[in-house]
Amino acid sequence: MNNQYVANTLETVKRRYPGEVEFHQAVTEVLESLIPVIERNKEFEEAGILQRITEPERQVLFMVPWVDDKGKVQVNRGMRIQFNSALGPYKGGIRFHSSVNTSIIKFLGFEQIFKNSLTGLMMGGGKGGSDFDPKGKSDNEVMRFCQSFMTELCRHIGADTDVPAGDIGVGGREIGFMFGQYKRIRNVFHGVLTGKGLQYGGSLARTEATGYGCVYFCDEMLKDKKTGFENKTVVISGSGNVAIYAAQKVQSLGAKVVAMSDSGGYVYDADGIKLDIVKNLKEVERKRISEYAKEVKSAKYTENCFDIWTIPCDVALPCATQNELDGKSAQILAKNGCIAVAEGANMPSTPDAVKVFLDAKISFGPGKAANAGGVATSGLEMAQNSQRLSWTFDEVDAKLHQIMINIHDSAKNAALEYNTPGNLVNGANIAGFLKVAGVMLAQGF
Ligand code: NDP
């Protein structure tokens with residue numbers, strides 16, 4: 001790294017948080033792309049902006065005891081990382097997955113600062129979660145866990161302080177249970193969580209927002225290549241919230257989705273994935289994607305979700321989890337003629353994969369820009385809650401679409417201004433950073 005201030009900051013992060021590899025990975029990527037910004041704007045170093053933006057303002061770790069259906073006490077670990085509040089209340093999802101640890105939540109919280117900044121809305125960055133896995137648990141077990149989780153978390157959040165949302169393992173059911181417990185303990189009914197049910201303050205189009213937003217963003221990337229989604233073949237990893245609604249929007253734009261996955265494996269359907277079947281399996285029956293191949297004759301199931309990238313496609317949308325697409329997979333995508341990759345998930349492509357995409361001139365939309373539609377629509381939900389109003393689906397969708405176009409343009413323009421035209425990784429990091437850093441200067445230290 002050829003800038004001493006950047007190198008020293010990264011060194012401090014690694015020393016302070018040894019072993020937190022995902023967090024180191026996210027910070028390294030952002031700091032590397034900020035080198036020209038730091039060199040052009042000396043005031044950032046003088047005000048210690050990089051040390052401050054890489055250190056969470058507050059980290060809350062807590063025990064989550066709950067009782068399972070057999071009457072046995074279980075103990076999980078809960079956390080909320082309140083990373084940066086320069087632009088507004090902390091905002092970012094809650095993840096329930098057995099892999100959750102401080103490294104993963106910190107990387108997600110750090111990314112969230114820049115993502116939220118890119119949306120143009122007033123939101124700081126944060127993230128939370130637990131190593132609890134809702135898969136295989138009864139509704140009552142999930143409820144008891146969510147209530148215990150919120151019993152502690154409710155002291156640290158609020159509509160003007162910190163507004164969590166969903167993420168992996170946290171959908172409408174979990175948000176409902178957490179909202180109910182918050183209300184019971186704090187005795188206030190306000191917009192403290194987003195992704196709520198439509199009957200009690202949720203926003204229309206929030207469920208669809210991350211997936212739709214990713215496709216709107218990718219469409220802008222394709223327009224720069226003088227093409228669009230019509231008649232394209234698309235591979236989408238995951239079959240959760242982001243993947244399902246990315247698939248829905250892709251299909252509505254005239255493209256064919258030929259493969260989807262879960263952590264067990266992937267299904268390939270050359271005739272095009274029947275989304276109503278996937279939605280029923282995942283949203284209603286909570287079953288595995290392998291069941292799709294039992295219901296649909298034209299489909300084939302392969303165990304090993306990472307091999308999904310061997311399927312030839314024009315566009316790839318990784319929408320499952322971090323580091324699910326490595327350098328080798330990226331090379332296969334490039335060899336098979338893929339022209340665009342947009343990340344619906346957070347940091348799904350490893351650094352090696354990103355390098356392959358950039359070198360091969362494959363249009364690449366990084367997660368903090370391409371999947372910002374979810375948090376942007378959460379911001380719109382907060383606005384509706386403050387007004388005690390609900391906007392129509394079309395109103396929210398139109399605002400989401402415009403926000404995604406703006407994010408694409410900001411990232412594209414920042415990449416141009418800092419001499420890496422077409423590099424949306426640099427562009428998104430720079431555009432997101434400049435706004436937060438400017439506000440941090442204005443607010444003092
Ligand atoms: P869901 O829990 O709804 O779905 C996650 C999907 O990814 C499931 O199909 C799951 O399979 C799969 N998956 C999870 N872990 C792994 C793994 N280790 N290997 C392979 N597949 C895996 O989550 P979301 O759709 O909400 O989130 C997906 C991604 O999008 C995450 O990176 C999240 O941070 C990001 N994101 C989500 C937003 C939102 O609004 N929901 C907003 C912005 C980003 P299985 O069921 O087998 O675990």
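Q: Let's count Ala, Val, Leu, Ile, Met, Phe, Trp, Tyr, Cys and Pro as nonpolar, Asp, Glu, Lys and Arg as charged, and the others, Gly among them, as polar. How do the residues lining the second largest pocket divide?
A: Heads-up: this is a predicted model, where local features need pLDDT of at least 70, side-chain atom pairs count only at pLDDT 80 or more, and totals for chains, interfaces and linings use all residues. Residues are numbered from 1 along each chain as its sequence is written, and side-chain values use heavy atoms, leaving out hydrogens and water. On a 1 Å grid over the protein atoms alone, a pocket is an open set of points with protein on both sides within 12 Å along at least five of seven lines, and lining residues have an atom within 4 Å of a point. The split here is 6 nonpolar, 4 polar and 4 charged.

Q: Which elements give two or more residues to the lining of that second largest pocket?
A: The pocket has a volume of about 340 Å³, that being the space filled by probe spheres set on grid points joined across faces, edges and corners. Of its 14 lining residues, I362, S363, P421, G422 and N423 are the closest to the centre. Two or more lining residues come from each of α8 (206-224), β12 (363-365) and α16 (393-417), helices (H or I, at least four residues) and strands (E, at least two) being DSSP runs numbered from the N terminus. So the elements are α8, β12 and α16.

Q: Which three residues supply 46% of the area that domain 1 buries against domain 2?
A: The chain is divided into domain 1 (56-189) and domain 2 (207-370), with bounds from an automatic or database assignment. About 970 Å² is buried between them, 50% of it from carbon and sulfur atoms; that's the accessible area (1.4 Å probe) two parts lose on being put together, summed over both. No other three residues of domain 1 give more than F107, E111 and K115.

Q: How many salt bridges does the rule find across the interface of domain 1 and domain 2?
A: The rule wants a side-chain nitrogen of Lys or Arg within 4 Å of a carboxyl oxygen of Asp or Glu. E111 pairs up with K368 that way, at 3.3 Å between the closest N and O atoms. Across the interface the number is 1.

Q: What is the volume of the largest cavity?
A: A cavity is a set of points where a 1.4 Å probe fits but cannot get out. E111 and K368 are among the residues lining the largest cavity, whose lining has 4 nonpolar, 2 polar and 4 charged residues. The volume comes to about 70 Å³.
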